[in-house]
Amino acid sequence: SSGINAECPLRPGVRLCVGDYNTTVEDLDVKKALDLLQYVAEDEAISNGEFERLRLDVWEAVISRDEWWDKCHLATPHQIDQTLFYRAVILAYNTGLLVSHFLPTVEQLLARDKWRARFQDQDQFKQFEYILRSGYEQMVEIGVVSR
């Protein structure tokens with residue numbers, strides 16, 4: 001389960017884009033979820049806390065889609081550009097989305113309980129963290145996100 005629940009009226013749409021129901025999530029599906037997230041951000045009836053939960057849920061679901069995260073110890077930082085996570089960030093940036101507003105920090109993503117459960121081996125978790133941080137560094141270098 002991706003952790004996406006039904007508190008926000010747009011959550012079902014986000015769930016269809018990147019949740020477990022969609023077994024073949026592509027970059028464009030993530031972009032659609034981010035477009036919905038933009039509506040959430042602009043809706044004054046939806047709290048900042050709910051926006052934050054939904055934002056983290058979207059990216060957790062996206063990161064979870066990359067099969068090679070399961071074999072984290074085999075991955076290298078230069079492979080980050082092959083991940084759905086990285087491709088989705090680049091697509092969002094290239095289509096004019098303010099990525100810095102919609103992409104959580106590395107610390108926020110790493111704090112999610114899902115990763116501790118998924119990478120119970122501390123070395124695997126550290127490798128996951130290293131690769132994720134390397135991906136962010138690459139995005140900083142090309143100007144997609146700021147520090």
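How far apart should the ends of helix α2 (residues 27-42) be at 1.5 Å a residue, and how far apart are its end C-alpha atoms? The legends below start with an overview and come back to that helix in the second figure.

**Figure 1. The whole chain, built from helices.** This is a predicted model. Its protein chain has eight helices and zero strands, so a walk from the N terminus reads α-α-α-α-α-α-α-α, by the DSSP runs used to assign the elements. Of the 147 residues, 48% count as buried. The chain exposes about 7,700 Å², and carbon and sulfur atoms supply 50% of that. Look at contacts between residues at least 6 apart in sequence, and you'll find that 65% of them join residues at least 24 apart.

**Figure 2. Helix α2, end to end.** Here's the reply to the opening question: the 16 residues of α2 should span 22 Å, and the end C-alpha atoms are 23 Å apart, which agrees. Plenty of residues to look for here are buried: Asp27, Asp29, Val30, Lys31, Ala33, Leu34, Leu36, Leu37 and Val40. The cover over them includes α1 (11-18), α3 (48-65), α4 (84-94) and α5 (99-102).

**Figure 3. Alanine 33, inside α2.** Zoom in on alanine 33, which sits in helix α2. Is it buried or exposed? Alanine 33 counts as buried, because its relative accessibility is 0%. Leaving out residues up to four places away in sequence, alanine 33 touches Val14, Cys17, Val18 and Val58. You can also find leucine 10 in this view: alanine 33 and leucine 10 are 23 residues apart in sequence, and their C-alpha atoms are 9.4 Å apart in space.

**Figure 4. Lysine 31 and threonine 95.** Lysine 31 is another residue of helix α2. With 13% relative accessibility, lysine 31 counts as buried, because the cut-off is under 20%. Which residues does lysine 31 touch, not counting those up to four places away in sequence? They are Leu91, Ala92 and Thr95. The last of these, threonine 95, is in the loop between α4 and α5, and at 45% relative accessibility threonine 95 counts as partly exposed. Threonine 95 and lysine 31 are 64 residues apart in sequence, while the distance from C-alpha to C-alpha is 8.9 Å.

**Figure 5. The largest nonpolar core.** In soluble globular proteins, nonpolar side chains tend to be buried together. The largest nonpolar core in this model has 45 residues, and Trp59 and Phe85 touch the most other members. The elements that give two or more residues to this core are α1, α2, α3, α4, α5, α6 (106-110) and α8 (122-141). Which of them gives the most? That's α3, with eight residues. Now follow tryptophan 59 outward: setting aside residues up to four places away in sequence, tryptophan 59 touches Val30, Leu34, Phe85, Ala88, Val89, Phe102, Leu103, Pro104 and Leu109.

**Figure 6. Where α3 meets α4.** The axes of these two helices, α3 and α4, come within 7 Å and cross at roughly 130°. That angle makes α3 oblique to α4. Trp59, Val62, Ile63 and Arg65 make the contact from α3, and Leu84, Phe85, Ala88 and Val89 make it from α4.

**Figure 7. Helix α4 and what lies over its buried residues.** The buried residues of α4 are Leu84, Phe85, Tyr86, Ala88, Val89, Ile90 and Ala92. What covers these residues includes α2, α3, α5 and α8. After α4 comes glycine 96, whose phi is positive, near 90°.

**Figure 8. Tyrosine 86, part of α4.** Tyrosine 86 is found in helix α4. Tyrosine 86 has a relative accessible area of 10%, so it is buried. Neighbours within four places in sequence aside, tyrosine 86 is in contact with Ile80, Asp81, Gly135, Gln138, Met139 and Ile142. Leucine 132 is worth finding too: tyrosine 86 and leucine 132 are 46 residues apart in sequence and 9.6 Å apart in space, C-alpha to C-alpha.

**Figure 9. Lysine 114 and glutamate 60.** For the last view, go to lysine 114 in helix α7 (residues 113-118). A relative accessible area of 25% makes lysine 114 partly exposed. Lysine 114 and glutamate 60 are 54 residues apart in sequence, yet 8.2 Å apart in space from C-alpha to C-alpha.

Key:
Residues numbered from 1 in each chain as written. Predicted model: local features only at pLDDT ≥ 70, side-chain atom pairs only at ≥ 80, totals over all residues. Heavy atoms only, no water. Helix = DSSP H or I, 4+ residues; strand = E, 2+ residues; numbered from the N terminus. Expected span 1.5 Å × (residues − 1). Buried < 20%, exposed > 50% of the residue type's maximum accessible area, 1.4 Å probe, protein only. Contact = heavy atoms within 4.5 Å. Areas by Shrake-Rupley, 256 points an atom, 1.4 Å probe, with all protein chains shown as cover. Core = buried A, V, L, I, M, F, W, Y, C linked by side-chain atoms within 4.5 Å. Axes fitted to C-alpha atoms, helices over the stretch in contact; angles between N-to-C directions. Parallel < 35°, antiparallel > 145°, perpendicular 65-115°, else oblique.
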